[in-house]
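Work through the exercises below with the sequence and the structure at hand. Each task is followed by a solution in steps.

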Amino acid sequence: MAPHGDKSHAAEEAAVSQAENSPISTILIVIAMQTEALPVVNKFQLTEDPHSAFPSGVPWVRYHGIYKDLHINVVWPGKDLSLGKFLN
């Protein structure tokens, strides 16, 4: 625990306060099935991210885009390439 009067605690509280007063700019939606994700992807004209941040070999798929200044991310677990089954 930080000593009493430590300024890092005050800075942390200020950052939290600022975040609470900021408008939401990014949302993440995790959807279990591709058939459930595609209507959202199509509605908001999202594009698939070919350079996903997920580790190599992980079948998760990310779609992203901007709608009315809101960054939208849709992720679905993907399909296991060895079993040919959806992961959910």
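**Exercise 1. A residue and its surroundings**

In which strand is V30 found?

Solution. The model is a predicted one.
Step 1. V30 belongs to strand 1, which covers residues 26-30.
Step 2. The cut-off for "exposed" is over 50% relative accessible area. V30 has 53% relative accessibility, so V30 counts as exposed.
Step 3. On the surface, V30 joins L28, V58 and W60 in a nonpolar patch. Together these residues have about 370 Å² of accessible area.

**Exercise 2. The elements along the chain**

State how many helices and strands the protein has, and in what order they run.

Solution.
Step 1. The protein has 2 helices and 6 strands.
Step 2. Read from the N terminus, the order is α-β-α-β-β-β-β-β.
Step 3. The protein has 88 residues, and buried residues make up 18% of them.

**Exercise 3. The sheet**

Work out the strand order of the open sheet and name its edge strands.

Solution.
Step 1. Strands of a sheet can pair in a parallel or an antiparallel way, through backbone hydrogen bonds.
Step 2. Strand 1 and strand 4 are parallel, with 5 bridges between them. I27 has I72 in strand 4 as its bridge partner, and I29 has V74.
Step 3. Strand 4, residues 70-76, is also joined to strand 3 by 7 bridges, and these two run antiparallel. Across this pairing, Y63 stands opposite V74, and I66 has H71 as its bridge partner.
Step 4. Strand 3 pairs with strand 2 as well, in the antiparallel sense and over 2 bridges. Here E48 is partnered by Y63 of strand 3.
Step 5. Put together, the 4 strands form an open sheet in the order 1-4-3-2 with mixed pairing. Strand 1 and strand 2 are the edge strands, since each of them pairs on one side only.

**Exercise 4. The turn between strand 3 and strand 4**

How many residues lie between strand 3 and strand 4 in their hairpin, and which residue in the turn has a positive phi?

Solution.
Step 1. The hairpin has 2 residues between its strands.
Step 2. K68 in the turn has a positive phi, of about 50°.

**Exercise 5. The nonpolar core**

Which element gives the most residues to the largest nonpolar core?

Solution.
Step 1. The largest nonpolar core has 9 residues: I31, A37, V41, L46, V61, Y63, I72, V74 and W76.
Step 2. Helix 2, strand 3 and strand 4 are the elements that give two or more residues to this core.
Step 3. Strand 4 gives the most, with 3 residues.
Step 4. Strand 4 is largely enclosed by the rest of the structure, because 5 of its 7 residues are buried.

**Exercise 6. The salt bridge**

Locate the two residues of the salt bridge and say whether D49 is buried or exposed.

Solution.
Step 1. Side chains of opposite charge can pair when their charged atoms come close.
Step 2. A search of the whole structure gives 1 salt bridge. It joins D49 to R62, and their closest N and O atoms are 2.6 Å apart.
Step 3. D49 sits in the loop between strand 2 and strand 3, whereas R62 sits in strand 3, so the salt bridge ties together parts 13 residues apart in sequence.
Step 4. D49 has a relative accessible area of 15% and is buried. R62 has 24% and is partly exposed.

**Exercise 7. The aromatic pairs**

Classify each aromatic pair by its geometry.

Solution.
Step 1. A pair of aromatic rings is described by the centre distance and the angle between the planes. Planes over 60 degrees apart count as edge-to-face, and those under 30 degrees as stacked; the rest are tilted.
Step 2. The count comes to 2 aromatic pairs.
Step 3. F44 and Y67 are 4.8 Å apart, centre to centre, with 70° between the planes, and this pair is edge-to-face. F44 is in the loop between helix 2 and strand 2, Y67 is in strand 3, and the two are 23 residues apart.
Step 4. F44 is partly exposed at 25% relative accessible area, and Y67 is partly exposed at 34%.
Step 5. F54 and W60 have ring centres 5.7 Å apart and planes at 55°, so their pair is tilted.
Step 6. F54 is partly exposed, with a relative accessible area of 30%. W60, at 35%, is partly exposed, and W60 is one of the residues of the nonpolar patch in Exercise 1.

Note on methods
Residues are numbered from 1 along each chain as its sequence is written. This is a predicted model: local features need pLDDT of at least 70, side-chain atom pairs count only at pLDDT 80 or more; totals for chains, interfaces and linings use all residues. Side-chain values use heavy atoms; hydrogens and water are left out. Rings of Phe, Tyr and Trp (its six-membered ring) pair if their centres lie within 6.5 Å; planes under 30 degrees apart count as stacked, over 60 as edge-to-face and the rest as tilted. Buried means under 20% relative accessible area, exposed over 50%, partly exposed in between (1.4 Å probe, protein chains only). Patches are made of residues with over 30% relative accessible area and no salt bridge: like charges are joined within 9 Å, nonpolar side chains (Val, Leu, Ile, Met, Phe, Trp, Tyr) within 5 Å. Accessible areas come from the Shrake-Rupley method with a 1.4 Å probe; for residues, only the protein chains shown count as cover. A salt bridge is a side-chain nitrogen of Lys or Arg within 4 Å of a carboxyl oxygen of Asp or Glu. Two strands pair if DSSP finds at least two bridges between them. A nonpolar core is a set of buried Ala, Val, Leu, Ile, Met, Phe, Trp, Tyr and Cys residues joined through side-chain atoms within 4.5 Å.
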